[in-house]
Amino acid sequence: MASEVIEAVGRRRNGLPPAPDGVDRPWPTRVLRSPWTWVLLAATLLFAGCLWWMYATATATTEVEGGTMQGINLSAIRRSARLALPTLAVWVVLFVWLDRFRPARWALWYLALGWGACVSTAASMVINTWAAEHMAVQGNGDPASAARSAVFSAPFAEEATKATVLFGIAILLRYRVVSKLQAVALAGLSAAGFAYTENILYFSRVIVYASQTIEAGDPEQALSQMVFLRGVMTAFGHPLFTSFTALGLVIGLRARSKVVRILAPVVGFLLAALGHMVFNFLASTGMDPTYMAVIGWLVTLGIVVHVVRGLFAEGRRHRDRLGDYVALGWLPASDVRAFSRQRTRWASVLIALTHGWRVFLATVRLQRTLSELTYLRDAQVRGLVDEGGRPRERELIDRAHELRALAITDPRVQKVQLPQLPEALRRLGRRWRGASPDEVPATSGLAPVGSPQYSPVDPRWGPPKG
């Protein structure tokens with residue numbers, strides 16, 4: 001009993017998941033007992049409340065000098081949501097694809113995306129409006145749209161609210177945030193959600209304003225220009241800035257120095273706010289959007305190059321850390337090649353798909369188990385996890401040996417298993433060739449077994465003639 005308590009304390013101290021109790025419960029019980037079920041339910045209710053508040057605020061009529069300003073309407077929101085959706089879809093696919101070696105739970109992806117789209121945008125609206133009012137800024141019923149607020153208030157408020165979900169995940173589940181790829185993916189999903197909701201508001205205001213004001217010119221042309229500007233030319237903005245915060249955070253999480261752990265996230269956030277501030281300043285001063293797009297995409301290209309180098313670094317990390325267990329005799333030497341290369345891992349998953357659902361699940365779970373083992377070993381080498389991680393290490397090794405019997409581990413040996421034609425298709429083939437569907441094709445000239453003419457010896461057999 002004392003050893004179990006010591007083990008539980010060690011796991012909790014290092015942020016590791018608790019030991020499984022070994023009880024096989026039915027899936028409804030597992031769902032109800034899982035904390036993720038209630039976290040997702042509470043988050044969904046929070047997201048819905050924030051969306052409803054933003055809808056009520058954006059559609060309300062606002063009193064301005066000389067009259068009233070009409071709010072946006074539901075028709076404009078629906079159209080704007082469709083126009084902003086392609087940009088969101090592209091970012092979601094890219095960031096989910098980026099989270100590769102040890103993908104986060106889909107629940108974390110949902111929390112990051114929903115937080116950025118709902119909570120972050122609602123909180124930013126409140127903070128920006130409050131800051132603009134205290135700056136004595138006038139902005140035609142939307143104080144946050146004024147230049148002073150956009151430059152000095154919005155960058156800090158928006159970057160802080162977007163990154164809140166990332167910091168929350170790192171604090172509560174620091175064991176899950178293990179690489180730059182994962183941190184950038186989660187931060188990018190939050191930023192993509194924020195940009196999606198913000199684009200809906202911007203596009204809706206253009207639709208309503210251009211349809212009510214003759215000075216705006218052709219409403220469709222004005223809307224097309226805004227969609228191209230925010231959805232294509234400057235679509236890099238929010239994901240780029242929030243990526244700085246993510247990089248600073250993951251550097252702090254993986255560092256041994258306490259100074260670096262504190263300063264790296266702060267520096268990353270300040271760089272994100274500074275980049276956002278410069279972007280808003282150039283936009284407020286009327287800089288040519290083409291120049292802004294060129295500069296922004298060049299900086300984004302630099303981040304992409306850094307992330308691509310991180311992909312190769314993750315492969316080397318898997319090779320080195322799995323090699324430690326091969327040297328100890330705990331894993332076979334083939335695991336280093338099979339689980340440190342992405343193309344080999346993908347090939348194994350594709351082959352597993354042809355072997356059935358159970359083989360596919362075992363293959364995916366084995367890859368994730370060995371990736372978790374890799375990062376646990378890396379944390380031990382860096383001094384981030386002490387002896388309390390030993391039980392989790394043994395648990396992962398045992399799980400890998402159990403899954404190995406069913407999973408695809410070497411695509412060079414284990415090949416694709418082509419599906420066999422069902423009996424119905426074989427009958428159709430025989431009918432198409434002119435044979436009766438009930439006719440059994442003869443395989444030889446021998447009589448069928450059990451018939452009077454049957455003989456265990458082939459009567460045609462004999463010595464060679466001549």
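## Helix 4 and its surroundings

Helix 4 bends by about 35 degrees at L85, and within four residues comes a proline, P86. The model described here is predicted.

Despite this bend of about 35 degrees, the length of helix 4 agrees with expectation, because its 25 residues should span 36 Å at 1.5 Å a residue and the end C-alpha atoms are 35 Å apart. At the N-terminal end, helix 4 is capped by N73, which has a side-chain oxygen 3.3 Å from the backbone nitrogen of S75. Residues buried in helix 4 are A76, I77, S80, A81, A84, T87, L88, W91, F95 and L98.

**S80.** This serine lies in helix 4, which covers residues 74-98. Is S80 buried or exposed? Its relative accessibility is 0%, so S80 counts as buried. A polar atom of the S80 side chain lies 2.7 Å from the backbone oxygen of A76. Which residues does S80 contact, once its neighbours within four places in sequence are left aside? They are I200, F203, S204 and I207. These four contacts of S80 fall in residues 185-208, one of the stretches that UniProt, in an unreviewed entry, gives as "transmembrane region".

**Aromatic pairs.** The whole structure holds 9 aromatic pairs. In one of them, W91 and F95 have ring centres 5.5 Å apart and planes at 20 degrees, so the pair is stacked. Planes under 30 degrees apart count as stacked. W91 and F95 are both buried. They are 4 residues apart in helix 4, which means that about one helical turn separates them. In an α-helix there are 3.6 residues a turn, so residues three or four places apart point the same way. Elsewhere, ring pairs join F236, F241, F279 and W297 into a cluster.

**Annotated regions.** The UniProt record also lists residues 35-56, 76-98, 110-131, 228-252, 259-279 and 291-312 as "transmembrane region". Two of the annotated stretches are set out below.

| Residues | Helix | Strand | Distance between end C-alpha atoms |
|---|---|---|---|
| 185-208 | 100% | 0% | 35 Å |
| 291-312 | 100% | 0% | 32 Å |

**Helix 12.** Residues 289-328 form helix 12. How far does helix 12 reach from its first C-alpha to its last? It reaches 58 Å over 40 residues, close to the 58 Å expected at 1.5 Å a residue. After helix 12 comes G329, with a positive phi near 85 degrees.

Conventions
Residues numbered from 1 in each chain as written. Predicted model: local features only at pLDDT ≥ 70, side-chain atom pairs only at ≥ 80, totals over all residues. Heavy atoms only, no water. Helix = DSSP H or I, 4+ residues; strand = E, 2+ residues; numbered from the N terminus. Buried < 20%, exposed > 50% of the residue type's maximum accessible area, 1.4 Å probe, protein only. Polar contact = N/O pair within 3.5 Å; in protein donor to acceptor, adjacent residues only side chain to side chain. Contact = heavy atoms within 4.5 Å. Expected span 1.5 Å × (residues − 1). Bend = angle between axes of the 7 residues up to and from the residue. UniProt positions renumbered as here; feature names shortened; annotations may be inferred. Phe/Tyr/Trp six-rings, centres within 6.5 Å; stacked < 30°, edge-to-face > 60°.
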